[in-house]
Amino acid sequence: MTPQEFDAFYAASFSRLTGQLYALTGNWPEAQDVVQEAFIRAWDRRRTFDPDDAAEAWIRTTARRLAHSRWRRLARGLHLAGRHHRQEPLTVEPPTEEHLMLVTALRDLPEAQRSALVLHHMCDLSVEQVAAETGASVSAVKSRLARGRTALAAELAGRTPTSEEGKLRV
């Protein structure tokens, strides 16, 4: 991939990938940081990068792994420092109230279910592609999607506005 092709790939996919990682992490600045770091790593491999060969999936997987690594380091650091108090998550104003409710509900799901739901429904990946990207079997992904949808519906049921025009559509 030439530098010009890489620039075009970056411009076409950065915002989409950041939105996807925001849905996974619930933290907009963190999502931007890990996607940017993934693109930096991809830049070093740009000569072997093929935009038609799941380059965006590679960036998304790398960014997701970076986010998990950062979370583990933070959790380990807090544990080692003896800080067992609960820290409130950073609040980021989403574009709409519905978006905030969805991200909050996703945050409450187990990570495996959240990843499966975001990759399948927000990233438009097939079940097989989600399985390949997460390293899970196809049947495990199907199970995570079914359980995740059920759990997400239950989470959202307690959060949706009562007025008809304010109902959340999933």
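**Seven helices and their nonpolar core**

Let's start with one residue: I40 counts as partly exposed, because its relative accessibility is 42% (under 20% relative accessible area is buried, over 50% exposed and anything in between partly exposed, using a 1.4 Å probe and protein chains only). I40 is found in helix α2 (helices are DSSP runs of H or I with at least four residues, strands are runs of E with at least two, and both are numbered from the N terminus). From I40 to I59 the separation is 19 residues in sequence and 9.7 Å in space, C-alpha to C-alpha.

Before going further, keep in mind that this is a predicted model, where local features need pLDDT of at least 70 and side-chain atom pairs count only at pLDDT 80 or more, while totals for chains, interfaces and linings use all residues. Numbering runs from 1 along each chain as its sequence is written, and side-chain values use heavy atoms, with hydrogens and water left out.

Stepping back, the protein chain has 7 helices and 0 strands, so to speak an α-α-α-α-α-α-α run from the N terminus on. Of its 170 residues, 35% are buried. The chain exposes about 10400 Å², 52% of it supplied by carbon and sulfur atoms (areas come from the Shrake-Rupley method with a 1.4 Å probe, and for residues only the protein chains shown count as cover). Among contacts with a separation of 6 or more, 65% are between residues 24 or more positions apart (contact means heavy atoms within 4.5 Å).

How far does the confidence go? The mean pLDDT of the chain is 78, with 78% of the residues reaching 70 or more (pLDDT is the predictor's confidence in each residue, from 0 to 100). Helix by helix, α7 has the highest mean at 90 and α3 the lowest at 76. Over residues 162-170 pLDDT stays under 50, and the model has 10 contacts beyond four places in sequence for that stretch.

Now for the inside. The largest nonpolar core holds 40 residues, and F9, F39 and I59 touch the most other members (such a core is a set of buried Ala, Val, Leu, Ile, Met, Phe, Trp, Tyr and Cys residues joined through side-chain atoms within 4.5 Å). Two or more residues come from each of α1 (3-25), α2 (28-44), α3 (55-80), α4 (97-107), α5 (111-122), α6 (127-134) and α7 (138-157). The most come from α1, with 8 residues.

Helix α1 has a few features of its own. The helix bends by about 45 degrees at S13 (the bend is the angle between axes fitted to the seven residues ending there and the seven starting there). S13 is also one of its buried residues, along with F6, F9, F14 and L17, among others. After α1 comes G26, with a positive phi near 75 degrees.

Across from α1, in terms of contacts, look at F39. With a relative accessible area of 2%, F39 is buried. Leaving aside neighbours within four places in sequence, F39 is in contact with F6, F9, Y10, S13, F14, L17 and I59. The whole structure has 8 aromatic pairs (rings of Phe, Tyr and Trp, the last by its six-membered ring, pair if their centres lie within 6.5 Å; planes under 30 degrees apart are stacked, over 60 edge-to-face and the rest tilted). Y10 and F39 make an edge-to-face pair, because their ring centres are 4.8 Å apart and their planes stand at 75 degrees. Since Y10 lies in helix α1 and F39 in helix α2, this pair ties together parts 29 residues apart in sequence. Unlike a buried residue, Y10 counts as partly exposed at 28% relative accessibility. F6, F9, Y10, F14, F39 and W43 form one aromatic cluster.

Back in α2, helix residue A38 counts as buried at 0% relative accessibility. A38 and I59 are 21 residues apart in sequence but 5.5 Å apart in space, C-alpha to C-alpha. Beyond four places in sequence, A38 is in contact with W58, I59, T62, A63 and L66.

Finally, two spots further along. Q113, in helix α5, counts as buried at 14% relative accessibility, and beyond four places in sequence it is in contact with R144, R147, G148 and A151. D124 sits in the loop between α5 and α6, and it counts as exposed at 64% relative accessibility. Its phi is positive, near 55 degrees, in a residue other than glycine.
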